[in-house]
Amino acid sequence: MRHIAIVGSGPAGYYTAEAAVKKWGENARIDVFDRLPVPFGLIRTGVAPDHQSIKAVARRYEKTAVGDTVRFAGNVTVGKDISIAELRELYDAVVLATGAPSDRPLNIEGAETKNVVGSAAFVGWYNGHPEFAALDPDLSGRHAVVIGMGNVALDVARILSKTEAEFAGSDIVAHALAALQASKIETVTILGRRGPHQIMMTPKELGELLHLERASPRVDPADLPPVEDDAILEPGLRKSVTLLREFAAIPESIHGEKPLALNFDFFANPNAIVSEGGKVTAIEVERTTVEAGRAVGTGEVYRLPADLVVTCIGYQTNTIEGVPFEERAGRFANDDGRILPGLYCVGWAKRGPSGTIGTNRPDGYAVIDLVDQDFASSSRKRGREGFDELAEARGLDVVSFRDWQKIEEAEIAAAREGAPREKFVDVESMIAARSG
Ligand code: NAP
């Protein structure tokens, strides 16, 4: 028997569990821990609420989760309720699939000002992550600035632009829907420190901006390189840049029909947050040029009005006591998934925040191959039996997959018309819903 602990129940965690079941079948016991009482990590709290088709992958994780081989142990924080040393003592292999749940800081003057928020917090707010549900961003101003040119920036800009009707069928949480309905935002500016050829946005996501009811995307044609320069781009990026060219060709008459302007501001590096009375009023930006792929300041500085700033500049993994960490990269120090004997990492905790949900699948299979290579032939570990004793001795309130199914039933029952669910946004309500 092999005893495997997976820490984190998002895509990386469940693909790893799936790989372990494929490899060892009945000869393994796999416990999937999560600090929340609810599973699926980014699928629940990261993927945008209006992207339900992406969220449907959770059905695949459910197939792995039911049965005795894989067990969900929610509401257990590794590093607090149980240490890494204890887990390593109990299990043959501990795989950290904890993702990258914290914002990379925007290290500029004024970054701590009120209504300057990171995407982990902002996305967590509209997706009902208990850590961020109370964020309560102020949407009463006219101008929002979104920093970064990746898919998260697109998610945030799109969510800020949509009408109530456009959220039909989504699982955006009620508090966010109400706040967005009352929003007074008229411009959303997406700020990139480099140019159109350096965006990280993918075509499908970028193309959605063409179909928004009350917003239309604006690109200054002067920011676009000559069209023949696109030939050197890889096909995905070339498609994205072609969409930017489409945006640049939208006539003023069409923009005029839509009350919200979605501006792309390229070659714009944030310099400082400007505030009044402790609240953000503008962002100071330095014009850049791109030399050998790098943004270089030109010395030209200007101010953009900003009542809300959302930084979408990447994420980092949370540290856990006893696990070596690579500060600069913001992830666990690892050699292609190996951290220490019996301790591994996978997904964003291993490689940083890049790629799609599907990228985690080969990652999960690869880490299980490593565990298989490293595994001594017979295990003397106690696995989940040992964990259960420890949990009881500590009075941990462990949430099972069956409990989660009851929580989910309650969320489905509470859904507004047409929505798949209304999420509980705090841990206490989740736990209370378990008893039906
Ligand atoms: P990302 O794709 O790495 O984009 C981060 C952006 O932030 C880049 O444009 C980067 O510019 C910019 N940036 C970084 N530091 C900055 C700074 N100090 N000042 C100004 N700009 C800065 O990251 P992400 O958008 O957080 O997305 C994470 C991953 O999740 C990606 O793989 C993404 O594709 C994926 N995702 C996918 C979907 C989807 O498929 N629907 C949705 C959301 C997220 P530089 O390039 O100049 O560094």
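This is a short tour of a predicted model, with a suggestion at each stop of what to select and a note on what is there.

**Stop 1: the ligand**

Start by selecting the ligand and the residues around it. Its surroundings comprise 19 residues, and the closest are M149, N151, R193, R194 and G355. Now look at the polar atoms. A ligand oxygen sits 2.8 Å from an N or O atom in the side chain of R194. The backbone takes part too: a polar backbone atom of V152 is 3.1 Å from an oxygen of the ligand, and one of C312 is 3.4 Å from a ligand oxygen. On its own the ligand has 920 Å² of accessible area, and the protein covers 79% of that.

**Stop 2: helix α7**

Which helix gives the most to the shell around the ligand? Select residues 151–161: this is α7, and it supplies 3 residues to that shell. Is this helix largely enclosed or not? Of its 11 residues, 9 are buried, so α7 is largely enclosed by the rest of the structure. Color A153, L154, D155, V156, A157, R158, I159, L160 and S161 to see the buried ones.

**Stop 3: M201**

One of the residues just colored, L154, leads to the next stop, since M201 touches L154. You will find M201 in the loop between β8 (187–191) and α9 (203–207). With a relative accessibility of 2%, M201 counts as buried. Show its other contacts as well: leaving out residues up to four places away in sequence, M201 also touches G148, M149, G150, N151, I190, L206, S240 and F264. Two of these, M149 and N151, are among the residues closest to the ligand. To see how the chain folds back here, pick the C-alpha atoms of M201 and G148: they are 9.8 Å apart in space, with the two positions 53 residues apart in sequence.

**Stop 4: helix α6**

Next, select residues 119–126, which form α6. How many of its residues are buried? The count is 8 of 8, and the helix is mostly covered. The buried residues are S119, A120, A121, F122, V123, G124, W125 and Y126. Following the helix is G128, with a positive phi near 70°.

**Stop 5: two unusual backbone angles**

Most residues other than glycine have a negative phi. Keep that in mind as you select F267, in the loop between β10 (260–265) and β11 (268–276). F267 is not a glycine, yet its phi is positive, about 50°. Then go to D336, which is in the loop between β17 (331–332) and β18 (338–340). D336 also has a positive phi of about 50° without being a glycine. Is D336 buried or exposed? D336 is exposed, and its relative accessible area is 57%.

**Stop 6: neighbors in helix α14**

Helix α14 covers residues 383–394, and R384 is part of it. R384 counts as buried, at 15% relative accessibility. What does the side chain of R384 reach? Its target is the backbone oxygen of D68, at 2.8 Å. Contacts of R384, beyond residues up to four places away in sequence, include H3, R29, I30, D31, T69 and Y91.

Move along to E385, also in α14. E385 is exposed, with a relative accessible area of 52%. A polar contact of 3.4 Å links its side chain to that of R382. E385 and L90 are 295 residues apart in sequence, but their C-alpha atoms are 8.9 Å apart in space.

**Stop 7: helix α15 and the loop after it**

Finally, select residues 401–413, the 13 residues of α15. From first C-alpha to last, α15 reaches 18 Å, close to the 18 Å expected at 1.5 Å a residue. Color its buried residues: F401, D403, W404, I407, E408 and E411. They cover an arc of only 145° around the axis, which puts them on the same side of α15. Their cover includes α1 (11–24), α2 (42–45), α4 (58–65), β3 (70–73) and α16 (427–433).

The tour ends at E422, in the loop between α15 and α16. E422 counts as buried, at 16% relative accessibility. Its side chain reaches the backbone nitrogen of A174 at 2.9 Å. E422 also touches E411, one of the buried residues of α15. Other contacts of E422 include I172, V173 and R416.

Terms used: Residues are numbered from 1 along each chain as its sequence is written. This is a predicted model: local features need pLDDT of at least 70, side-chain atom pairs count only at pLDDT 80 or more; totals for chains, interfaces and linings use all residues. Side-chain values use heavy atoms; hydrogens and water are left out. Helices (H or I, at least four residues) and strands (E, at least two) are DSSP runs, numbered from the N terminus. The expected span of a helix is 1.5 Å times one less than its number of residues. Buried means under 20% relative accessible area, exposed over 50%, partly exposed in between (1.4 Å probe, protein chains only). The arc is that of the directions from the helix axis to the C-beta atoms. Contact means heavy atoms within 4.5 Å. A residue is near a molecule or strand if one of its heavy atoms lies within 4 Å of it. A polar contact is a pair of N or O atoms within 3.5 Å; within protein, one must be able to donate a hydrogen and the other to accept it, and residues adjacent in sequence count only if both atoms are side-chain atoms. Accessible areas come from the Shrake-Rupley method with a 1.4 Å probe; for residues, only the protein chains shown count as cover.
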